[in-house]
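Here are a few short exercises to work through with the model open in your viewer. Try each task yourself before reading the solution.

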Amino acid sequence: VQLQASGGGLVQAGDSLRLSCTRSGRSTAWYIVGWFRQAPGKEREFVAAKSSNGNSIMYTDSVNGRFAVSRDNVNGAEYLQMNSLKPEDTAVYYCAMGSLFTRAPNGYNYWGQGTQVTVSS
């Protein structure tokens with residue numbers, strides 16, 4: 001499985017961005033797509049995760065109510081809609097895929113390259 005995240009950019013506080021994660025290769029019927037971010041000098045941080053059947057979704061507290069994960073069931077792309085962005089959301093954002101519904105990065109087997117999100121105040 002190969003993943004590729006895109007959609008990052010430079011925005012102002014309060015703006016919105018939508019990140020996309022496309023995947024290629026075969027995957028199992030059950031999978032979890034996770035979103036993580038890593039700011040300079042900080043550890044990789046969990047942002048959100050969604051199960052393949054859509055029944056399980058979780059967000060880290062700092063983005064709950066502002067970010068939303070979704071999926072295009074036609075093309076299989078995953079999205080992270082980010083609203084009301086704050087300077088502290090600035091980071092490189094990654095999408096990942098695994099079989100565990102977990103916040104732990106080591107629970108994900110496949111990772112895309114990151115996309116930079118910069119939020120200016």
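**Exercise 1. How many positive and how many negative side chains does the protein have, and how far apart do the centres of the two sets lie?**

Keep in mind that you're working on a predicted model.

Step 1: count Lys and Arg as positive, Asp and Glu as negative, and leave out His and the chain ends. That gives 11 positive and 8 negative side chains.

Step 2: take the centre of each set; the two centres lie 6 Å apart.

**Exercise 2. Work out the fold's element order and check how compact the protein is.**

Step 1: tally the secondary structure. You should get 11 strands and 0 helices, so the order from the N terminus reads β-β-β-β-β-β-β-β-β-β-β. The radius of gyration is 13 Å, close to the 14 Å that the globule rule gives for 121 residues, so the protein is as compact as a globular protein of that length.

Step 2: get the extents. Along the principal axes, the C-alpha trace spans about 40 × 30 × 25 Å.

Step 3: look at the contacts with a separation of 6 or more. Of these, 54% join residues 24 or more positions apart.

**Exercise 3. Split the protein into inside and surface.**

Step 1: buried residues account for 42% of the 121 residues.

Step 2: about 6,200 Å² is exposed, and 45% of that comes from carbon and sulfur atoms.

**Exercise 4. Find out what Thr-90 is doing in its loop.**

Step 1: place the residue. Thr-90 sits in the loop between strand E8 (78-82) and strand E9 (91-98).

Step 2: list the contacts, skipping residues up to four places away in sequence. You'll find Ala-39, Gln-116, Val-117, Thr-118 and Val-119.

Step 3: pick one pair and compare sequence with space. Thr-90 and Thr-118 are 28 residues apart in sequence, yet their C-alpha atoms are 4.6 Å apart.

Step 4: check the polar side. The Thr-90 side chain reaches the backbone nitrogen of Val-119 at 2.9 Å.

**Exercise 5. Is Thr-102 buried or exposed?**

Step 1: locate Thr-102, which is in the loop between E9 and strand E10 (108-111).

Step 2: apply the cut-off. Buried means under 20% relative accessible area. Thr-102 has 18% relative accessibility, so this residue counts as buried.

Step 3: see what surrounds Thr-102. Beyond its neighbours within four places in sequence, the contacts are Phe-46, Met-58, Gly-107 and Tyr-108.

Step 4: look for a polar partner. A polar atom of the Thr-102 side chain lies 3.0 Å from the backbone nitrogen of Ala-104.

Key:
Residues numbered from 1 in each chain as written. Predicted model: local features only at pLDDT ≥ 70, side-chain atom pairs only at ≥ 80, totals over all residues. Heavy atoms only, no water. Helix = DSSP H or I, 4+ residues; strand = E, 2+ residues; numbered from the N terminus. Rg over C-alpha atoms; globule rule 2.2 N^0.38 Å. Buried < 20%, exposed > 50% of the residue type's maximum accessible area, 1.4 Å probe, protein only. Contact = heavy atoms within 4.5 Å. Areas by Shrake-Rupley, 256 points an atom, 1.4 Å probe, with all protein chains shown as cover. Charge placed at Lys NZ, Arg CZ, Asp CG, Glu CD. Polar contact = N/O pair within 3.5 Å; in protein donor to acceptor, adjacent residues only side chain to side chain.
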